[in-house]
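Trainee: I should like to go through this model with you, one question at a time. Please give the reasoning before the result in each case.

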Amino acid sequence: MSLASLPPFANEPYRDFSLPENREAMERALARVRADLGRQYPLLIAGLHEPGGIHKLLSYNPSYPAELIGVHQKASADQATRAIEAAYHYFPIWAAVPAEDRAARALRAAHILRQRKDEFNAWLILESGKNWNEAEADTAEAIDFCDYYARQMLRLASPGPLLQLPGELGVLTYIPLGVGVILPPWNFPLAILAGMTIAALVTGNTVVLKPSSETPTIAAKFIEVLLEAGFPPESFQFLTGAGSEVGDLLVSHPKTRFISFTGSKEVGLHINELAAKTQPRQKWIKRVVAEMGGKDAILVDREVHDLDAAAAGVIASAFGFQGQKCSACSRLILDEPLHDAFLAKLIPLAEALTQGPADDPAHFLGPVISQRAEKTILSYIETGKQEGALLTGGHKAPGDGYFIRPAIFSGIEHNHRLFQEEIFGPVLAVTRARDFDDALRLANDSDYGLTGAVYTTNPEKIARARAEFHVGNLYINRKCTGAMVGAHPFGGFNLSGTDSKAGGPDYLLQFLQAKSIAQKLL
Ligand code: NAP
């Protein structure tokens with residue numbers, strides 16, 4: 001198999017759930033998955049399932065907190081150590097498998113996910129509280145990552161020619177790094193987990209995958225896909241358990257070669273620091289790929305083309321998946337002359353958003369992920385009431401789940417906590433800007449630098465935003481969420497991360513090292 005023999009990469013299309021056949025297929029999948037709830041899932045170490053001890057990790061449905069989704073093992077320190085050792089032992093075997101064969105397995109994983117799309121959507125709806133369309137996008141992105149990274153590996157397997165010196169044959173090859181610890185977040189429990197894991201495996205590394213404790217069942221289902229796709233069970237270890245308990249051990253182990261992390265700034269910085277400390281018997285500088293939080297801003301300029309389209313873009317960016325996206329718009333910077341008119345459009349749109357259990361497709365908004373998240377978000381809403389004016393929402397919505405009505409605050413200043421701190425929930429802070437200069441200055445007044453958007457028709461202002469708005473993913477005249485694999489390589493500046501650009505042509509290089517070979521021709 002070669003890159004030329006494959007059709008060009010294309011994004012997996014989203015289905016329309018207003019069509020009866022799609023809707024009925026999802027209803028059936030939800031019923032099938034519901035019949036499978038509450039099962040126990042083992043660890044996977046050195047190719048063998050391990051039942052774990054008495055300590056279990058229980059995962060519940062945030063829409064109906066009494067509904068048990070899965071029972072998982074809390075890995076012990078011994079199991080975590082054995083997982084690293086097993087990955088280290090198998091590394092030379094997996095690294096020797098030709099890139100074409102590894103890529104073929106990634107393509108098979110995409111194919112299997114495509115066949116099981118409804119089922120994965122259903123797990124996402126029930127375990128993470130995504131609405132149907134968000135779940136469909138998450139599964140489609142997982143498929144895209146598998147399809148895209150397979151192709152990128154094939155490209156890197158045949159790097160272009162080097163300058164050839166007389167009497168010498170020079171080549172450059174990319175070889176894998178070693179054992180990777182994969183630490184994904186819960187908010188794209190399938191897509192990000194699949195992308196991080198497949199990228200490491202397709203490049204020839206072996207991994208220890210420790211999923212988020214909020215969404216371990218989706219991770220366990222993805223493990224089934226890896227096995228079915230033909231990845232050897234020894235090439236990936238599946239280790240559930242609290243990051244706070246086994247994380248440090250995995251990161252600091254001398255045989256860990258790299259850490260691929262996506263999550264909060266606090267945990268990412270801790271991992272970065274720990275990984276930088278060379279351990280006894282460690283032979284390399286560990287590589288850390290860390291994608292972290294955001295405090296993403298949308299600027300609406302007085303020369304906006306269409307206020308309604310901008311308001312719809314802000315609503316989708318701020319409140320899609322209850323604002324629990326790293327790319328979510330949490331700061332809205334409004335140019336003075338349109339401030340009041342824009343809010344007058346925005347507030348009714350937020351108030352009209354339907355909310356309730358995510359398994360009902362009538363609901364745009366579902367729950368936040370956990371009781372702990374609900375408490376943190378409600379406490380930020382109290383802070384917001386001190387710092388600015390609550391214009392709408394911010395209270396619990398009816399139901400047993402963790403439902404919070406989308407909150408919009410005006411009068412937020414650049415030094416307020418609502419302006420600076422990632423809340424990761426349906427809370428939008430609105431700030432007034434004197435003019436475009438002021439708006440840009442406010443947008444850049446953040447430790448983060450992940451996504452941002454500008455709505456304006458003025459070409460000079462667009463040019464300035466392109467040059468001066470310091471974010472890894474900038475959008476002009478559109479929402480700041482919804483990055484597509486292949487089209488919007490994703491990763492942030494500043495304390496948003498290492499700018500790894502997931503879903504882009506450079507991403508896999510972070511899982512490889514380049515070897516340069518010069519052979520004297522005899
Ligand atoms: P998190 O609490 O930082 O956790 C992320 C992962 O790290 C989880 O698997 C977690 O396991 C693990 N972990 C926790 N403590 C650890 C430790 N000491 N050592 C090693 N691993 C540890 O983040 P989250 O709440 O899952 O995700 C939300 C955050 O992710 C937000 O800040 C969001 O902005 C960010 N995010 C960023 C991107 C991006 O591309 N930039 C994308 C998505 C999300 P446990 O669950 O067991 O604690």
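Mentor: Let us begin with Q355, which is placed in the loop between α11 (339–351) and α12 (371–387). Please keep in mind throughout that this is a predicted model.

Trainee: Is Q355 buried or exposed?

Mentor: The relative accessible area of Q355 is 16%. Buried means under 20%, so Q355, at 16%, is classed as buried.

Trainee: Which backbone oxygen does the side chain of Q355 reach at 3.1 Å?

Mentor: Two backbone oxygens can be considered here. A polar atom of the Q355 side chain lies 3.2 Å from the backbone oxygen of G366. The contact at 3.1 Å is made by the side chain of Q355 with the backbone oxygen of I404.

Trainee: Turning to the ligand, which residues come nearest?

Mentor: The ligand has 31 residues around it. Those that come nearest are S213, G243, S264, M292 and E422.

Trainee: How far is an oxygen atom of the ligand from a polar backbone atom of G243?

Mentor: Several polar contacts of the ligand can be set side by side. An oxygen atom of the ligand lies 3.0 Å from an N or O atom in the side chain of K210. A polar backbone atom of G241 is 3.5 Å from a ligand oxygen. For the polar backbone atom of G243, the distance to an oxygen atom of the ligand is 2.8 Å.

Trainee: What percentage of the ligand's exposed area does the protein bury?

Mentor: The reference is the ligand taken alone, which exposes 910 Å². Of that area, the protein buries 87%.

Trainee: Which element gives the most residues to the shell around the ligand?

Mentor: Among the contributors, α8 (243–252), β10 (256–262) and α9 (265–276) each supply at least two residues of the shell. The largest contribution is 4 residues, and the element that gives them is α8.

Trainee: How many charged residues does the shell around the ligand have?

Mentor: The shell can be divided by class into 15 nonpolar and 12 polar residues, with the charged ones as a further class. The number of charged residues in the shell is 4.

Trainee: From which domains does the shell draw at least three residues each?

Mentor: The assignment gives one domain in two segments, 25–292 + 500–518, and another spanning 296–484. The shell around the ligand draws at least three residues from each of them, namely domain 1 and domain 2.

Trainee: How many disulfides does the count come to, and why is C329 not bonded to C480?

Mentor: The sulfur of C329 has its closest cysteine sulfur in C480, at 5.1 Å, which is too far for a bond. A disulfide requires cysteine sulfur atoms within 2.5 Å. Both residues are nevertheless buried, C329 at 1% relative accessibility and C480 at 0%. The count of disulfides comes to 0.

Trainee: Where does Q322 lie?

Mentor: Q322 is not a glycine, yet its phi is positive, about 60 degrees. Its relative accessible area is 2%, so Q322 is buried. Q322 lies in the loop between α10 (307–319) and β13 (329–335).

Trainee: Is N477 buried, partly exposed or exposed?

Mentor: N477 also merits attention for its backbone, since this residue other than glycine has a positive phi near 60 degrees. The loop that holds N477 is between β18 (473–476) and β19 (512–520). With a relative accessible area of 35%, N477 is partly exposed.

Trainee: How far is the backbone oxygen of P232 from a polar atom of the side chain of S235?

Mentor: S235 is placed in the loop between α7 (216–228) and β9 (236–238). Its relative accessible area is 0%, so S235 is buried. The backbone oxygen of P232 lies from a polar atom of the S235 side chain at 2.6 Å.

Trainee: What distance separates the C-alpha atoms of F231 and W94?

Mentor: F231 is found in the loop between α7 and β9, and at 1% relative accessibility F231 counts as buried. F231 and W94 are 137 residues apart along the chain. Their C-alpha atoms are separated by 9.3 Å.

Technical notes: Residues are numbered from 1 along each chain as its sequence is written. This is a predicted model: local features need pLDDT of at least 70, side-chain atom pairs count only at pLDDT 80 or more; totals for chains, interfaces and linings use all residues. Side-chain values use heavy atoms; hydrogens and water are left out. A residue is near a molecule or strand if one of its heavy atoms lies within 4 Å of it. A polar contact is a pair of N or O atoms within 3.5 Å; within protein, one must be able to donate a hydrogen and the other to accept it, and residues adjacent in sequence count only if both atoms are side-chain atoms. Accessible areas come from the Shrake-Rupley method with a 1.4 Å probe; for residues, only the protein chains shown count as cover. Ala, Val, Leu, Ile, Met, Phe, Trp, Tyr, Cys and Pro count as nonpolar, Asp, Glu, Lys and Arg as charged, and the others, Gly among them, as polar. Domain bounds come from an automatic or database domain assignment. Buried means under 20% relative accessible area, exposed over 50%, partly exposed in between (1.4 Å probe, protein chains only).
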